[in-house]
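Work through the exercises below with the sequence and the model open beside you. Try each task on your own before you read its solution.

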2 protein chains.
Amino acid sequence: MRREFKKKSKVLLIDDNYEHLVGIRELLNIEGTFDVVGIATNVSVGLNLIKKYQPDIVLLDMNMPDKDGLQGIIEISKLNMDTKVLALSGYDDADLIFRAMKIGAKGYVLKTMASAQLIYAIEEVLNGKIYLPLALSSRFFEYFQQSFREETAKQESDEENLLSYLTQREEEVLELLTQGITYKGVANKLFISETTVKTHVNNIFQKLQVNDRTQAVLYAINNGFLTKKVKIAV
Amino acid sequence: MRREFKKKSKVLLIDDNYEHLVGIRELLNIEGTFDVVGIATNVSVGLNLIKKYQPDIVLLDMNMPDKDGLQGIIEISKLNMDTKVLALSGYDDADLIFRAMKIGAKGYVLKTMASAQLIYAIEEVLNGKIYLPLALSSRFFEYFQQSFREETAKQESDEENLLSYLTQREEEVLELLTQGITYKGVANKLFISETTVKTHVNNIFQKLQVNDRTQAVLYAINNGFLTKKVKIAV
DNA sequence: GTTGTCATAGACCATGTGGTCTATATCCGT
DNA sequence: ACGGATATAGACCACATGGTCTATGACAAC
């Protein structure tokens, strides 16, 4: 007969508010399935403790004075220790949530949330899932969609988008321009003369209302040409 | 005394599966707070019905043969009628969820989910919220973070990134190059001679291992220079 | 104090780039 | 059959761009 001891998960807490830190530790200790291996009131100390104790998960406060939580997430992930980060915050700031999730937080919970929900979040994250409470994911998505709104609008509205005026051939030429290829290079790739390429390029400039290839390339990239990439400010 | 009649919300259903269509209609009718103003088995017909009945919300199946659901969302949003779209799908395809949310779906629910959850989702969306069930938001976030992983890794690792070899002044020059400015323009902006700009630019080319400004600009953009923008494939 | 890096700048030259104009062949729609 | 859009291409020109070499003053490092 094989008896399985469920190994307690190692948790590390980072929060500049010491009372809160102790409060969570108590909560997790009472819960019984967690082992709080360390607490820290700033990121630097926290990083050292992480290296030392290799916790399964770190609860990281986002709003700290010295080094901000986002930077903390990045530095923890740089350790390459598959330590998961659950972000903690007092506010449901959409921008902060977005950025935290973007750089790899496995979840984000508010300090005001019920302790049961915190426990649940930790367990979900430990199970390899990503956990964002409904209220926060809703905020996240508003922000997320907002980020795309202008871009999408610009790209979807065929009016306005000067790229739509380009002919098939002109698009091919522009695509090669966006790879930083010279007239001669384009001519060779398309099996046409260099002069023809120049003619196409000039027409492209006219249509995109730009003066040189760099501007044309920038316009193309910023307006959804090519691999259809869209930007999000970090 | 003022009596308020809660106005029923107008709902429109689009799904190529007729049985499913009727099933949902029945469900919503029984619920009583919804008024199913129309059903359609394809997007084209659906669009006309939307124009005609101006529903508050459209339940749109993502997996349809003729015109796919994503396109449907785009076309509905192009109508500019603040009709909200709740995406419906049989599968929890992360890519599909991601793209649907990106282009503005207010929610995404699986056909296999309990009818109570569907009702709840509709109500949330009608209340102006964005609703993504936990299971799906989890999938979404995996995909979302995955999209950023390579980019982030590339940008965070200061080794490898040739941009880090640039001096302060060279970065300034490069930044201006990425705006499509000529040598002369850069010289004026930085109050230095055109020759100096050329020297800087040449040094930049050396460091970035490229041959011309277009390539330099492309390198800069693709490696997190500038406004720190990050790409997501659509 | 010598070495190194950086920002500055001039000279010279080859070539790439952009502007303009003209011209032909093809294809499409009517 | 004709006009319009498109792809092709030549000629000519002005100038922007890129390559290379040299040089100087400032400043930091050691």
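Helices (H or I, at least four residues) and strands (E, at least two) are DSSP runs, numbered from the N terminus. The model is predicted, so local features need pLDDT of at least 70 and side-chain atom pairs count only at pLDDT 80 or more, while totals for chains, interfaces and linings use all residues. Residues are numbered from 1 along each chain as its sequence is written, chains are lettered from A and ligands numbered from 1 in the order in which they are written, and side-chain values use heavy atoms, with hydrogens and water left out.

**Exercise 1.** Find the strand that holds A:Ser9, and decide whether A:Ser9 is buried or exposed.

*Solution.* Begin with the strand: A:Ser9 belongs to strand S1 (residues 9-14) of chain A. Next, apply the cut-offs, in which buried means under 20% relative accessible area, exposed over 50%, and partly exposed in between (1.4 Å probe, protein chains only). The relative accessible area of A:Ser9 is 14%, so A:Ser9 is buried. Finally, list its contacts (heavy atoms within 4.5 Å): leaving aside neighbours within four places in sequence, A:Ser9 touches A:Thr33, A:Phe34, A:Asp35, A:Asp56 and A:Leu126.

**Exercise 2.** Explain why helix H10 of chain A is described as largely enclosed, and find the residue that caps its N-terminal end.

*Solution.* In helix H10 (residues 213-222) of chain A, seven of the ten residues are buried, which is why the rest of the structure largely encloses it. Among these buried residues are A:Thr214, A:Val217 and A:Tyr219. The cap at the N-terminal end of H10(A) is A:Asp212, which has a side-chain oxygen 3.2 Å from the backbone nitrogen of A:Thr214.

**Exercise 3.** Describe the protein surface near DNA strand C, where a residue counts as near if one of its heavy atoms lies within 4 Å of the strand.

*Solution.* Start with the residues: 19 lie around DNA strand C, and those that come nearest are A:Lys198, B:Thr167, B:Arg169, B:Ser193 and B:Thr195. Then look at the DNA, where 65% of the atoms within 4 Å of the protein belong to sugar or phosphate and the rest to bases. Two phosphate contacts can be checked by distance: a polar side-chain atom of A:Tyr183 lies 2.9 Å from a phosphate oxygen of DNA strand C, and a side-chain N or O atom of B:Thr196 lies 3.0 Å from a phosphate oxygen of that strand. Last, sort by element: two or more residues each come from helix H8 (183-190) and helix H9 (194-208) of chain A, and from helix H7 (168-177) and helix H9 (194-208) of chain B. H9(B) gives the most, with five residues.

Methods. A residue is near a molecule or strand if one of its heavy atoms lies within 4 Å of it. A polar contact is a pair of N or O atoms within 3.5 Å; within protein, one must be able to donate a hydrogen and the other to accept it, and residues adjacent in sequence count only if both atoms are side-chain atoms.
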